[in-house]
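Welcome, and please open your viewer so that we can walk through this model together. At each stop you will select a few residues and look at what surrounds them.

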Amino acid sequence: MIKNNIVAYGEILLRLTPFNHGDLIDQSSALNMSFAGAESNIISSLSNLGHRTTMITSLPNNSLGKSACRFLKSFGVNTDYIRFKDGRIGSYYIEHGASKRGGKVIYDRLDSCFSSENIAESIWIKAFKDSDFYVLTGITPALSKECQKNILNSIKIAKLNNVKIVFDLNYRRNLWSGNEALKFFSKIISDVDILIANIGSISDVFGFNYKNSTDFKELESISQSACEYILNKHSFDVIGMTIRNQLHATHNQLGGVLRINEKYYYGRSYDLEIIDRVGGGDAFVSGLLHGLINSYKNNQIINFANACFALTQTIKGDINYFEEDEIIDFSSKNYSGHIKR
């Protein structure tokens with residue numbers, strides 16, 4: 001039996017951005033259309049890196065839903081468990097920031113067909129019987145009580161099948177409060193094997209106090225302290241932390257921290273001009289999992305994850321389109337934007 005199938009549960013959204021990159025919605029008469037969503041970003045990127053992947057979600061039985069499904073299929077994601085039904089697709093609008101003006105996300109996902117879907121127990125049983133990893137994020141339980149029930153039920157079945165739970169805190173203030181998130185996260189966090197987070201999410205949800213800094217080395221130290229803070233409350237096999245030093249909207253320093261086998265590893269960091277601010281953390285998750293599955297050395301895992309994080313921010317869209325050899329090449333050399341010939 002082939003293993004290393006990775007299952008994800010979450011909402012794939014219609015992504016809409018002003019046609020002219022950097023414009024406000026107020027000044028735009030045309031929008032670019034694509035599809036994205038934290039879990040679908042992760043699973044698509046992993047599929048692009050050669051993994052067997054499965055997406056569990058619900059989509060409207062119309063052209064938008066079918067187009068979203070084709071989008072997933074284009075990466076090789078297994079869509080056999082996607083249910084099509086009457087209803088609407090969730091959507092979000094992105095205004096890309098520039099200079100000192102930050103970007104903005106506007107959600108329009110209330111009462112989507114995904115948020116009302118009750119996933120049958122038989123679906124989870126089939127999906128997990130030949131799987132090793134189950135990817136979840138903190139966005140999905142914020143959408144509805146039905147989504148929370150699906151997560152609780154699916155984790156129970158995943159654990160019975162020895163599937164490792166990968167959970168990205170991904171706290172979104174626009175969707176629920178920190179107290180609401182903590183109440184639900186407390187129900188599942190003891191089952192989490194691989195935790196993905198950042199300083200802000202551990203602060204917002206778990207109450208980690210820190211003094212912000214614009215020094216990248218200091219942010220690495222604060223990230224380690226955040227890891228230790230949450231480890232005083234919970235236990236995980238692996239923790240991955242993204243680090244973003246936002247000098248302004250289009251100039252960031254990016255990196256990460258890996259904690260595994262009680263040791264910390266800091267990979268190479270990147271000073272970048274940002275093309276598209278959304279999706280970098282999802283690319284980091286896919287890179288981290290890819291390294292773990294392929295038994296990379298620990299310093300190679302975090303270097304690969306950081307490179308995925310950085311590269312994805314240099315292209316439009318949420319997905320990491322880069323191949324493994326391109327990512328390894330980028331992570332191991334000191335490129336300064338020269339053309340390859």
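Let us begin by selecting D204. This residue is partly exposed, with a relative accessible area of 29%; here buried means under 20% relative accessible area, exposed means over 50%, and partly exposed lies in between, using a 1.4 Å probe and protein chains only. Before going on, note that this is a predicted model, in which local features need pLDDT of at least 70 and side-chain atom pairs count only at pLDDT 80 or more, while totals for chains, interfaces and linings use all residues. Residues are numbered from 1 along each chain as its sequence is written, and side-chain values use heavy atoms, with hydrogens and water left out.

Now add R173 to your selection. The side chains of R173 and D204 form a salt bridge, at 2.8 Å from N to O. The term stands for a side-chain nitrogen of Lys or Arg within 4 Å of a carboxyl oxygen of Asp or Glu. R173 sits in the loop between β10 (164-168) and α5 (178-188), and D204 in helix α6 (residues 199-206), so the pair ties together parts 31 residues apart in sequence. Helices (H or I, at least four residues) and strands (E, at least two) are DSSP runs, numbered from the N terminus. R173 itself is exposed, at 61% relative accessible area.

Stay with the loop between β10 and α5 and select N170, which lies there too. N170 is not a glycine, yet its phi is positive, at about 40°. With a relative accessibility of 11%, N170 counts as buried.

For another residue of this kind, go to S99 in the loop between β7 (91-95) and β8. S99 has a positive phi of about 55° and is not a glycine. Its relative accessibility is 42%, so S99 counts as partly exposed.

Next, back to charged pairs. How many salt bridges are there by this rule? The count comes to 13. Select D276 and R15, whose closest N and O atoms are 2.5 Å apart in one such bridge. D276 lies in the loop between β15 (270-273) and α8 (280-293) and R15 in strand β2, so this pair ties together parts 261 residues apart in sequence. Are D276 and R15 buried or exposed? Both are buried. Add D318 to see a network of salt bridges that links R15, D276 and D318.

Another pair to show is E117 with K85, whose side chains meet in a salt bridge at 2.9 Å, N to O. E117 is in the loop between β8 (104-108) and α3 (121-128), and K85 is in strand β6 (residues 83-85), 32 residues apart. E117 is buried, with a relative accessible area of 5%. K85 counts as buried as well, at 16% relative accessibility.

Now select L13, in strand β2 (residues 13-18). L13 is buried, with a relative accessible area of 3%. Which residues does L13 touch? Leaving aside residues up to four places away in sequence, L13 touches S34, F35, A36, G37, I89, G90, S91, Y92 and R109, where contact means heavy atoms within 4.5 Å. You can also pick V105, which is 92 residues from L13 in sequence and 13 Å away in space, C-alpha to C-alpha.

Finish at E324, in helix α10 (residues 324-332). E324 counts as partly exposed, at 31% relative accessibility.
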